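These are my notebook entries on one structure, set down in the order in which I looked things up. I begin with the whole chain and then turn to single residues.

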Amino acid sequence: MAAMTRTQARTVSVVSNIAEGHSRPRPAYLNHLGIASGSLAELETQLALAVRLEFLDKEQSAPVTNLASAVGRLLHGIIHALRRTPSP
């Protein structure tokens, strides 16, 4: 149960940091995107650990793992694009 609560907290952290950062100037936005990326990495680690410790079957975790990977690619794309383009 505690592991699920931590997993939910990481998920909320990812979304919340993206939203909060979006309302701030670019340097702060990039910082919040970095924090979101770190929370996402924690979530992916917790999922992998849950499978390894046999709390979840690999099949059960696959949809969430795939979604987390897709979100990670999007986050990295946004970070890369913001760093590449000049500030308005």
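I looked first at contacts between residues at least 6 apart in sequence, and found that 66% of them join residues at least 24 apart. I note here that the model is a predicted one, so I treat every value below as computed from that prediction.

Entry on the overall build. I counted three helices and zero strands in the protein, and from the N terminus on I read the order of elements as α-α-α. The C-alpha trace spans about 50 × 20 × 15 Å along its principal axes. I then looked up the surface, which comes to about 6200 Å² of accessible area, with 62% of it belonging to carbon and sulfur atoms. Of the 88 residues in the protein, buried residues make up 26%.

Entry on the core. Which residues form the largest nonpolar core? I found 12 residues there, among them Val-14, Tyr-29, Leu-40, Ala-68 and Leu-82. Both α2 and α3 supply at least two residues of this core, and α2 gives the most, with seven residues. I kept in mind the general tendency of nonpolar side chains in soluble globular proteins to be buried together. I then followed Tyr-29 and, leaving aside residues up to four places away in sequence, found that Tyr-29 touches Ile-18, Gly-21, His-22, Arg-24, Ile-78 and Leu-82.

Entry on charged pairs. How many salt bridges does a search of the whole structure find? The search finds two. In one of them Glu-42 pairs with Arg-10, and the closest N and O atoms are 2.4 Å apart. Because Glu-42 lies in helix α2 (residues 26-52) and Arg-10 in helix α1 (residues 2-22), this pair ties together parts that are 32 residues apart in sequence. I also checked how open the two partners are: Glu-42 is partly exposed at 38% relative accessibility, and Arg-10 is partly exposed too, with a relative accessible area of 23%.

A salt bridge also joins Glu-20 and Arg-24, with 2.7 Å between the closest N and O atoms. Here Glu-20 counts as partly exposed at 36% relative accessibility, and Arg-24 is partly exposed with a relative accessible area of 41%.

Entry on the loop between α2 and α3. I found Leu-53 in this loop, and its 48% relative accessibility makes it partly exposed, because exposed would require over 50%. Together with Leu-49 and Phe-55, Leu-53 forms a nonpolar patch on the surface, with about 330 Å² of accessible area for the three together. Glu-54 has its place in the loop between α2 and α3 as well, and at a relative accessible area of 70% Glu-54 is exposed. I marked its backbone, since Glu-54 has a positive phi of about 65° although it is not a glycine. For the background I wrote down that most residues other than glycine have a negative phi.

Entry on Thr-85. Where does Thr-85 sit? I placed Thr-85 in the segment after α3 (58-84). Its side chain reaches the backbone oxygen of Ala-81 at 3.0 Å. Is Thr-85 buried or exposed? I wrote partly exposed, because its relative accessible area is 36%. Lastly, I compared Thr-85 with Asn-17, which is 68 residues apart from it in sequence and 21 Å apart in space, C-alpha to C-alpha.

Definitions and conventions:
Residues numbered from 1 in each chain as written. Predicted model: local features only at pLDDT ≥ 70, side-chain atom pairs only at ≥ 80, totals over all residues. Heavy atoms only, no water. Helix = DSSP H or I, 4+ residues; strand = E, 2+ residues; numbered from the N terminus. Buried < 20%, exposed > 50% of the residue type's maximum accessible area, 1.4 Å probe, protein only. Polar contact = N/O pair within 3.5 Å; in protein donor to acceptor, adjacent residues only side chain to side chain. Salt bridge = Lys/Arg side-chain N within 4 Å of Asp/Glu carboxyl O. Patch = residues over 30% accessible without salt bridge, like charges linked within 9 Å, V, L, I, M, F, W, Y side chains within 5 Å. Areas by Shrake-Rupley, 256 points an atom, 1.4 Å probe, with all protein chains shown as cover. Core = buried A, V, L, I, M, F, W, Y, C linked by side-chain atoms within 4.5 Å. Contact = heavy atoms within 4.5 Å.
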